[in-house]
Amino acid sequence: MPGLGTSFGRGGATTAEWDLANSDCIVIQGSNMAECHPIAFRFVMEARERGATIIHVDPRFTRTSANADIYAPIRPGSDIAFLGGLINYVLTHDLWFKEYVLAYTNASAIVHEDFKDTEDLGGVFSGWDPDKRAYDTTSWEYAGKQVPPAFREHPGVAGEAYGDRLNVRPGGPPQRDETLQDPHCVFQILKRHYARYTPELVERVCGTPQDVFVKIAETLAAASGREKTAAFCYAVGWTQHTTGVQAIRTSAVLQQLLGNIGRPGGGILALRGHAAIQGSTDIPTLFNLLPGYLQMPLVSTPTFEDYLRTFEAPTGWWHHFPEYAVSLLKAFFGEHATAENEWGYQHLPKLENRDIYSYYPLFFKMKDSGIKGLFVLGENFAVGGPGSRLEREAMRKLQWCVVRDPFLIETAEFWKLDGVDPASVETEVFFMPAAWAAEKDGSLTNTQRLLQWHDKALDPPGDARSETWFMVHLGHRLRALYAGSTTDRDQGLLHLTWDYPLEGPRQEPSAQAVAEEINGYIITDGDVGASGGRPSSGGVGASGGVGASGGRQQVRGYAELRADGSTACGCWIYSGYAPGRGENLAASRIPDPPDEWTNNSKWGFAWPANRRIMYNRASADPQGRPWSKRKRLVWWDPNARNGQGLWTGYDVPDFVATMPPDKPADPDGFGMDALSGADPFIMQADGRAWLYVPHGLKDGPLPTHYEPFEPAVQNALYPEYRSSPTLVTFQRRDNPYNDDPYEGPANPRYPYIITTYRITEHHTSGAMSRWNSWLAELQPALFAEIDPELAAAKGVANGDWITLTTSRGECQAKALVTDRMRPVMVQGRRTHVIGLPYHWGPLGIVTGDIANDLIAVGLEPNVMIHEAKAFTCDLRKGPKTGATPPSERVGASGGRPPRVEPMDGGTVGREHSEGAEMKHTASPESTTAEAIQATNVGSSGT
């Protein structure tokens with residue numbers, strides 16, 4: 001998440017769920033936390049019982065709203081205007097935490113004199129090129145500093161990926177004005193930028209009543225400072241916008257001004273929508289990152305030396321980049337990674353500086369027959385992906401597709417959906433049944449960066465297998481196919497350290513062995529097995545014991561990693577969670593004593609280094625003393641270590657534990673030597689949190705209000721720039737937009753705003769819930785929430801069929817007429833918002849239209865995420881023209897979907913993956929060719 005990464009140095013949540021109980025105020029915005037994250041929400045309730053004020057800002061009045069002390073309605077897509085109003089209120093009423101801001105942020109840094117703000121240029125920052133629709137960010141830099149072109153040109157995820165590593169030293173820190181009076185200093189730029197974000201403008205843009213907004217501003221400010229702290233919680237209600245990164249950035253600016261980062265009860269909690277979302281970015285499923293947020297090599301970094309020169313920061317903690325990069329390559333390639341062959345660097349792909357291999361461009365390429373094959377693991381984008389009709393059409397252009405899932409989801413059966421003749425689809429589909437979490441060992445990394453281990457409770461049924469089994473055995477078969485090849489492009493595959501121990505009659509790879517490789521280990525002669533770098537097969541059992549090839553020493557944390565090839569580590573930020581053979585701190589379940597500060601330090605393992613609250617050096621003042629006794633977390637103990645001093649407290653210090661607070665910065669130093677003992681944000685090159693981002697983001701150094709991609713109103717701040725000028729669009733016939741060819745601020749054909757959301761009873765695309773009879777019974781049909789005023793205008797009664805329309809298609813749903821949806825006054829016009837959950841599809845026990853068929857592909861420029869939370873539509877009474885309502889449709893098997901009773905202690909619907917549909921599944925012992933022949937459930941679409 002570059003919104004957090006560019007602000008603080010890392011993209012993860014800054015705090016832990018349970019620390020919300022220590023908050024004096026909690027703002028939940030962009031999230032229906034009570035329903036979507038109920039386990040975490042109990043800590044919000046605990047905070048309220050202790051006297052905290054709970055604030056919910058949301059377009060819908062939900063269970064979260066009902067449990068809040070203050071509820072504020074807001075128009076979808078206007079969050080930056082709301083948060084910008086809070087920033088302006090804090091600054092104009094002198095409510096900011098001055099000592100914290102001056103010492104720990106870049107408020108005093110002087111920005112290049114050529115920089116021009118959106119307030120100066122009518123909606124864009126300096127450097128805007130309208131022909132390229134991109135910024136030259138040179139003028140955004142600090143005065144006297146320059147940025148290598150690779151950072152400015154590469155379009156990948158910014159922030160923790162690369163933007164915060166940049167060299168602002170040696171040569172000294174940025175020029176500063178400690179009085180904050182220089183007109184070019186960040187603080188003055190910030191004040192000018194948000195001066196127009198008044199309570200009046202917030203009401204006009206967001207629809208939030210002024211009195212409610214002012215009450216929130218005063219409450220939040222009163223709950224921040226030396227004695228009190230406030231927290232923000234958000235989810236995809238912020239991220240799934242074309243300005244999503246900047247919305248998160250706005251909260252980061254506000255929390256810096258209030259002094260709430262790195263302190264108990266403060267911070268920003270990024271609520272992930274799935275138990276493994278955080279882990280899938282840490283050990284990434286992202287095209288431009290390697291594990292641990294190391295940058296993927298570029299064509300412009302052809303050698304490993306170029307790579308290090310580009311991404312190693314001279315100052316701050318990212319000065320250790322070489323240790324992490326070399327150790328990762330040693331984990332990949334073992335004995336085949338040597339200094340002479342650049343540690344195997346040439347085996348890695350190199351991105352063109354402007355290549356984008358993210359989710360949506362891949363589907364467009366697939367639709368244009370540019371991709372032959374696809375693996376789908378744990379994903380049901382045929383329903384859950386915005387623009388999902390286009391995605392189903394794209395898959396029909398594939399030659400082959402492998403789908404792993406417990407059920408035959410829509411993504412596995414795309415060849416017979418949408419009225420398509422299966423005989424016309426040439427895609428060969430291989431369905432591989434997958435194990436559930438309880439049927440495999442492994443870890444999940446949750447929303448607070450917490451690794452938690454789960455032990456296998458039982459074997460998966462039939463031919464179902466874990467992802468680890470599938471990938472490890474696929475790797476073995478591929479390596480056997482390519483054995484003996486001398487082609488350069490094949491050597492990376494053949495040189496992989498691919499000798500994970502196999503256990504039991506099913507030859508399941510040891511998850512503990514994988515954990516130990518991720519953690520990292522010291523390479524010795526006795527460690528190198530036949531495949532290089534690891535004990536040979538059979539050397540590590542389930543407990544990680546010492547095998548025939550000899551023991552090896554695990555590193556106990558990333559501080560032990562080296563750049564000389566003597567250590568291997570699969571993901572440096574996870575280093576320390578398996579610090580010894582057979583050890584696994586992710587499996588730790590030791591509660592804190594009841595009479596001690598609750599930080600749950602022995603429950604699981606939180607990256608990095610088991611820190612529960614990141615940047616916790618900021619919980620103490622520049623002299624190392626807690627800002628207050630009530631809010632103390634870590635502090636400098638001058639008497640520890642025989643009078644040499646040590647950082648101590650209730651958490652692992654997010655700092656060099658032995659660095660005294662009065663240690664001065666060395667202007668010519670490198671790494672941590674270049675930072676002072678009072679610079680808490682060690683992942684930033686200057687050791688400060690960034691109110692203003694001089695590099696690393698594509699859409700601006702400060703968050704700015706723009707309307708959603710498909711707006712309902714004019715941009716009240718910058719009429720010339722309706723939506724973000726940097727958003728990514730795809731002008732294609734199969735991806736029409738609601739404003740084509742309409743040129744005004746909003747298309748009257750689509751007068752209503754629609755926002756999609758989750759409900760408690762179903763999970764995302766429904767792949768894990770629509771096949772479960774209990775959950776299907778609780779929520780059997782797609783519905784849309786509309787307010788009574790809109791319902792009356794359309795003649796719609798509660799329970800009537802309605803049809804929602806965009807330029808992409810139609811979706812029918814049952815009308816839920818409710819006061820929970822409230823029209824808001826926006827720019828003098830009553831604006832109606834429709835709420836639409838997105839869990840249904842044509843398959844499963846309960847079926848319904850696909851909500852995501854309504855959404856266009858228009859993307860945020862930094863992370864390429866779609867805008868599903870604020871787009872426009874029309875509404876009419878009745879089902880789709882000529883359509884049969886889902887309750888009257890026949891099921892995919894030729895009749896109504898049968899009721900599926902729970903089996904085997906509650907496992908529901910296994911017959912969908914073990915019965916007739918599964919009769920062609922291959923035995924896991926089959927050869928590769930036999931498996932490919934036997935698992936074909938979609939040859940020619942049949």
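Two rings of Phe, Tyr or Trp, the last represented by its six-membered ring, are taken as an aromatic pair if their centres lie within 6.5 Å. With this in hand, a search of the whole structure, which is a predicted model, finds 52 aromatic pairs. Each such pair is described by the distance of the centres and the angle of the planes.

A good place to begin is the pair formed by Phe-8 and Tyr-615, which is tilted, with 5.7 Å from centre to centre and 45 degrees between the planes. Phe-8 belongs to helix H1 (residues 2-8), whereas Tyr-615 sits in the loop between strand E20 (605-606) and strand E21 (634-637), so the pair ties together parts that are 607 residues apart in sequence. Are these two rings buried or exposed? Phe-8 has 0% relative accessibility and therefore counts as buried. Tyr-615 also counts as buried, because its relative accessibility is 1%.

Phe-125 and Trp-140 offer an edge-to-face example, with 65 degrees between the planes and 6.0 Å from centre to centre. Here Phe-125 is found in the loop between helix H7 (118-121) and strand E4 (128-129), and Trp-140 in the loop between strand E5 (134-135) and helix H8 (149-153), so the parts tied together are 15 residues apart in sequence. Both Phe-125 and Trp-140 are buried.

Ring pairs also build up into a cluster, which links Phe-304, Tyr-307, Phe-311, Trp-317, Trp-318, Phe-321, Tyr-324, Tyr-345, Tyr-558 and Trp-572. Aromatic rings meet charged side chains as well. Arg-465 lies over the face of Trp-469, at 5.4 Å from the ring centre, and Arg-617 lies over the face of Phe-655, at 5.7 Å from the ring centre.

Attention now turns from the rings to the strands. Strands of a sheet pair through backbone hydrogen bonds, either parallel or antiparallel. In this model, five strands make an open sheet in the order E3-E2-E1-E6-E7, and their pairing is parallel. Strand E3 (70-73) and strand E7 (268-270) are the edge strands, each pairing on one side only. On average, neighbouring strands of this sheet are turned by 15 degrees against each other, direction ignored. Within the sheet, strand E1 (residues 25-29) runs parallel to strand E2 (residues 53-58), and five bridges join the two. One of the residues involved is Ile-26, whose bridge partner in E2 is Ile-54. Helix H13 (residues 244-257) packs on the sheet, where it touches strand E6 (230-234) and E7. The direction of H13 makes about 175 degrees with that of E6.

Technical notes. Residues are numbered from 1 along each chain as its sequence is written. This is a predicted model: local features need pLDDT of at least 70, side-chain atom pairs count only at pLDDT 80 or more; totals for chains, interfaces and linings use all residues. Side-chain values use heavy atoms; hydrogens and water are left out. Two strands pair if DSSP finds at least two bridges between them. Helices (H or I, at least four residues) and strands (E, at least two) are DSSP runs, numbered from the N terminus. Axes are lines fitted to C-alpha atoms, for helices over the stretch in contact, and angles run from 0 to 180 degrees between N-to-C directions. Contact means heavy atoms within 4.5 Å. Rings of Phe, Tyr and Trp (its six-membered ring) pair if their centres lie within 6.5 Å; planes under 30 degrees apart count as stacked, over 60 as edge-to-face and the rest as tilted. Buried means under 20% relative accessible area, exposed over 50%, partly exposed in between (1.4 Å probe, protein chains only). A charge sits over a ring if NZ of Lys or CZ of Arg is within 6 Å of the ring centre and within 35 degrees of the ring normal.
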